Amino acid sequence: MYETILVPTDGSEQADAALDHAVSLARAHDATVHLLYVADSNRDSVTTLGGEVVDALEGEGERILEEATERLDPSVDVVDAIETGGPVETILDYADLVDADVIVMGTHGRRGIDRYLLGSTTERVVRLSSVPVLTIREE
C-alpha cells in the first residue's frame, strides 16, 4: 500500500511523534521514509561567520535530520533531504518529486499561536496535497 512515506520535520516533539508513526508504517509495508527539513526562506536565516556566509537554518536542518536518523530502526530505509523555500510549497513539491504515497505530519510545529491550532503548515498541506496526509497528535 505504501512504498514512499514523506515526513517533514522541524525537530519538534510533534514531528518526532509523526516520525515514530511513519517508521511503524514503513516496517509494516516495507516502505522508504523520506525525512524532509525545510529551511524556511520566509525567515531571515543568512548570517556571516568569519567572513563566510552561513545559512543557519540549513545547519539547524542538518542537526535535526542527524538526530532523527540516529533514533530510527536501522531496518527502515531512510532518505533525508534539506530543501529551501516556503514550507507548504516545498513539502508539496517534494512529495510530488519522490512520488510519495502519504505525508505524515505532526499536528503542531514550533511556531507561536500555531501550537494551539492544527498548525498552519499542517493545515495548508492537508488542504492542498494531492496525496493523503496523516496527521499525528502527540499529547
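## Working through an α/β sheet

Let's start with one pair: Asp40 has Gly85 in strand S5 as its bridge partner. The model is a predicted one, so local features need pLDDT of at least 70 and side-chain atom pairs count only at pLDDT 80 or more, whereas totals for chains, interfaces and linings use all residues. Residues are numbered from 1 along each chain as its sequence is written, and side-chain values use heavy atoms, with hydrogens and water left out.

**Exercise 1. Work out the order of elements along the chain.**

Step one: count the pieces. You should get 4 helices and 7 strands; both are DSSP runs numbered from the N terminus, helices being H or I with at least four residues and strands E with at least two.

Step two: walk along from the N terminus. The pattern reads β-α-β-β-β-α-β-α-β-α-β.

**Exercise 2. Find the strand order in the open sheet, and say which strands stand at the edges.**

Step one: gather the pairings, where two strands pair if DSSP finds at least two bridges between them. S1 (residues 4-8) and S2 run parallel and are joined by 5 bridges, with Val7 standing opposite Leu35 in S2. Between these two strands the chain passes through helix H1 (residues 13-29), a right-handed β-α-β crossover; that is, with the strands pointing away from the viewer, the path from the first strand over the helix to the second runs clockwise.

Step two: go on to the other pairs. S2 and S5 (residues 77-85) are also parallel, with 9 bridges. S6 (residues 102-106) joins S7 through 4 bridges, again parallel, and Ile103 has Val133 as its partner in S7.

Step three: put it together. The 5 strands line up as S5-S2-S1-S6-S7, with parallel pairing. S5 and S7 (133-136) are the edge strands: each has a single partner strand, so one side of each lacks a neighbour in the sheet. From one strand to the next, the twist averages 25 degrees.

**Exercise 3. Decide how many residues of S2 are buried.**

Step one: set the cut-offs. Buried is under 20% relative accessible area, exposed is over 50%, and partly exposed is in between (1.4 Å probe, protein chains only).

Step two: apply them. In S2 (residues 32-40), 8 of the 9 residues are buried, which makes it a mostly covered strand. For the whole chain of 139 residues, the buried share is 43%.

**Exercise 4. Show what helix H3 packs against.**

Step one: place the helix. H3 (residues 87-97) sits on the sheet and touches S1, S2, S5 and S6 (contact means heavy atoms within 4.5 Å). Its direction makes about 150 degrees with that of S2; axes are lines fitted to C-alpha atoms, for helices over the stretch in contact, and angles run from 0 to 180 degrees between N-to-C directions.

Step two: list its buried residues. These are Pro87, Val88, Thr90, Ile91, Leu92, Tyr94 and Ala95. As a reminder, an α-helix has 3.6 residues a turn, so residues three or four places apart point the same way.

Step three: see what they meet. The buried residues of H3 pack against S1, S2, S5, S6 and H4. As for H4 (residues 120-128), it lies across S6 and S7 and runs at about 160 degrees to S6.

**Exercise 5. Compare the surroundings of Thr9 and Glu83.**

Step one: take Thr9, in the loop between S1 and H1. At 9% relative accessible area, Thr9 is buried. Beyond four places in sequence, Thr9 touches Ala15, Leu35, Leu36, Tyr37, Ile64 and Leu65. A polar atom of its side chain lies 3.1 Å from the backbone nitrogen of Gly11.

Step two: take Glu83, in S5. Its relative accessibility is 31%, so Glu83 is partly exposed. Skipping neighbours within four places, its contacts are Leu36, Tyr37, Val38, Ala39, Thr90 and Tyr94. Glu83 and Tyr37 are 46 residues apart in sequence, yet their C-alpha atoms are 6.5 Å apart.

**Exercise 6. Where do Asp30 and Asp99 sit, and are they buried or exposed?**

Step one: Asp30 is in the loop between H1 and S2. Its phi is positive, near 50 degrees, though it is not a glycine, and at 69% relative accessible area it is exposed.

Step two: Asp99 is in the loop between H3 and S6. Asp99 has a positive phi of about 55 degrees, again without being a glycine, and its 59% relative accessibility makes it exposed.

Note on methods: A polar contact is a pair of N or O atoms within 3.5 Å; within protein, one must be able to donate a hydrogen and the other to accept it, and residues adjacent in sequence count only if both atoms are side-chain atoms.
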